[in-house]
Amino acid sequence: LSESGVPQLVQPMIWDYAADLDVESKVLLIEKYRRCGFSKVWFASAFKGATGVNQSLTLIGHHLKNHLQWLKVASSTPADVLQGIALTGWQRYDHFSVLCELFPVAIPSLAVCLQALENGGYSEKVKENVEKLLGMSNLEIDTFSR
């Protein structure tokens, strides 16, 4: 790869939507990319649409845990390596599948994930800020929002 010149033309994106994302394996993968000449990498997470083909409601806790794991990966790699993170919101698993959870029901998940990334974690203060931003009195992250 180094000799091909590809690392000067593209930046790899590492995708993983799991709540139990393996931080150590991602750090090793980033190191491997760096040895191949890639100076920057992207992460890709999801705030909706990655937990089941027929999911109709968004389980915020799953997506929050994924983002918290990505924050651990980011803190375990040199600061100048991470170019950014793409928060995906899949609408369906393939063109022949029914739609999974629609955007309106996933807005709380998007807000929680963005605020967790912005604040470097999730706390009661972050939760209160999301509730205030969304006009919600009780944001539930471990059950389906009402």
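**Close-up views of helix H1 and two salt bridges**

**View 1. The N-terminal end of H1 is capped by Asp 22.** In this predicted model, a side-chain oxygen of Asp 22 lies 3.2 Å from the backbone nitrogen of Glu 24. Just after H1, Gly 37 has a positive phi of about 110°.

**View 2. H1 has the span expected for its residue count.** H1 has 13 residues. At 1.5 Å a residue they should span 18 Å, and the end C-alpha atoms are 19 Å apart, which agrees.

**View 3. The buried residues of H1 line one face of the helix.** Val 23, Lys 26, Val 27 and Ile 30 are buried. Seen down the axis of H1, the buried residues fall within an arc of 100°, so they line one face. Their cover includes strand E1, strand E2 (41–48) and helix H2 (60–75). On the other side of H1, Glu 24 and Arg 35 are exposed.

**View 4. Asp 16 and Lys 26 form a salt bridge.** The N to O distance is 2.9 Å. The pair links distant parts of the chain, ten residues apart. Asp 16 sits in the loop between strand E1 (13–15) and helix H1 (23–35), while Lys 26 belongs to H1 itself. Both Asp 16 and Lys 26 are buried.

**View 5. Glu 131 and Lys 127 form a salt bridge within helix H4.** Their side chains meet at 3.0 Å, N to O. Both residues lie in H4 (residues 124–134), four residues apart, about one turn of the helix. Glu 131 and Lys 127 are both buried. The count of salt bridges comes to two.

Definitions and conventions. Residues numbered from 1 in each chain as written. Predicted model: local features only at pLDDT ≥ 70, side-chain atom pairs only at ≥ 80, totals over all residues. Heavy atoms only, no water. Salt bridge = Lys/Arg side-chain N within 4 Å of Asp/Glu carboxyl O. Helix = DSSP H or I, 4+ residues; strand = E, 2+ residues; numbered from the N terminus. Buried < 20%, exposed > 50% of the residue type's maximum accessible area, 1.4 Å probe, protein only. Expected span 1.5 Å × (residues − 1). Arc of directions from axis to C-beta. Contact = heavy atoms within 4.5 Å. Polar contact = N/O pair within 3.5 Å; in protein donor to acceptor, adjacent residues only side chain to side chain.
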